Amino acid sequence: MITLYGIPVSRAFRSLWMLQELGLEYKNVPTHFVGETRTAEFLKLNPNGHIPVLVDGETVLWESMAINLYLARKYGAGGLWPATVEDEGRAFQWSVWAMTEVEPPLLAVLMNRRVLPKEQRDEAAAAAGEAKMAGPLGVLDGALRGRAYLLGEAFSVADLNVASVLGWTMLAGMDLGKWPLAAAWLKRCTERPAYAKARG
Ligand SMILES: N[C@@H](CCC(=O)N[C@@H](CS)C(=O)NCC(=O)O)C(=O)O
């Protein structure tokens with residue numbers, strides 16, 4: 001029995017997308033990030049007080065990228081999980097990269113352009129985040145030269161993990177016109193049926 005705690009409008013979307021891609025049966029407990037992750041009961045699952053949390057039988061996991069790598073490794077053989085150890089390394093590389101190089105500046109753009117109440121938004125922080133995003137977007141565009149997906153010609157966990165973070169550019173209204181390969185790749189990834197299903 002697989003249970004995923006979290007709501008689609010949060011980082012839990014990343015793992016809901018993975019569960020949908022893998023066609024797994026699962027229960028979604030729609031735990032909201034405002035208030036519901038700090039109860040004594042929830043903190044037993046994730047002492048950090050964050051969603052998503054995955055419970056797969058006896059295994060409890062948190063951190064969206066780790067959950068997705070685990071799910072792809074366990075249930076995605078011959079599909080989303082890479083066929084070679086070298087490509088596994090690349091999947092780890094891209095997943096860590098998404099969290100460290102992309103998420104912080106992109107979150108600044110998203111929060112200060114869309115999420116925070118207007119009077120709390122800081123346009124300077126949004127602009128600084130947007131400027132910083134030019135680095136990772138250039139890296140991604142370069143990596144996609146001559147290939148449809150990050151590990152080659154097939155969509156994999158590497159693409160899902162990176163696209164699930166980069167998808168925030170759409171919510172934030174960022175123009176990716178300067179990085180056409182990255183923009184086309186993001187469109188390919190987010191047009192997948194499982195992406196729409198995960199949004200609920
Ligand atoms: N690095 C974690 C971050 C998780 C996270 O910060 N989740 C937010 C929702 S998007 C949350 O649960 N916030 C509620 C809280 O911290 O109280 C991951 O990727 O899973």
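**Reading the ligand site and a ring pair**

User: Which kind of atom of Ile51 lies 2.8 Å from an oxygen atom of the ligand?

Analyst: In this predicted model, a backbone N or O atom of Ile51 lies at that distance from the ligand oxygen, which fits a polar contact (a pair of N or O atoms within 3.5 Å). The side chain of Arg38 also has an N or O atom 2.8 Å from an oxygen atom of the ligand, while for Thr37 a polar side-chain atom lies 3.1 Å from a ligand oxygen. Taken alone, the ligand exposes 520 Å², of which the protein buries 82% (Shrake-Rupley areas, 1.4 Å probe).

User: How many residues surround the ligand?

Analyst: There are 13, each with a heavy atom within 4 Å of the ligand, and the closest are Arg38, His50, Ile51, Glu63 and Ser64.

User: How should I read a pair of aromatic rings?

Analyst: Such a pair is described by the distance of the centres and the angle of the planes. The structure holds eight aromatic pairs (centres of Phe, Tyr or six-membered Trp rings within 6.5 Å; planes under 30 degrees apart are stacked, over 60 edge-to-face, the rest tilted). In one of them, the rings of Trp17 and Phe155 have centres 6.1 Å apart and planes at 35 degrees, so this pair is tilted.

User: Where in the chain do Trp17 and Phe155 lie?

Analyst: Trp17 is in helix H1 (residues 12-22), whereas Phe155, 138 residues away, is in the loop between helix H5 (123-143) and helix H6 (157-166), so that the pair links distant parts of the chain (helices are DSSP runs of H or I, at least four residues, numbered from the N terminus).

Residues are numbered from 1 along each chain as its sequence is written. Local features need pLDDT of at least 70 and side-chain atom pairs pLDDT 80 or more, while totals for chains, interfaces and linings use all residues, and side-chain values use heavy atoms, without hydrogens and water.

Technical notes
A polar contact is a pair of N or O atoms within 3.5 Å; within protein, one must be able to donate a hydrogen and the other to accept it, and residues adjacent in sequence count only if both atoms are side-chain atoms. Helices (H or I, at least four residues) and strands (E, at least two) are DSSP runs, numbered from the N terminus.
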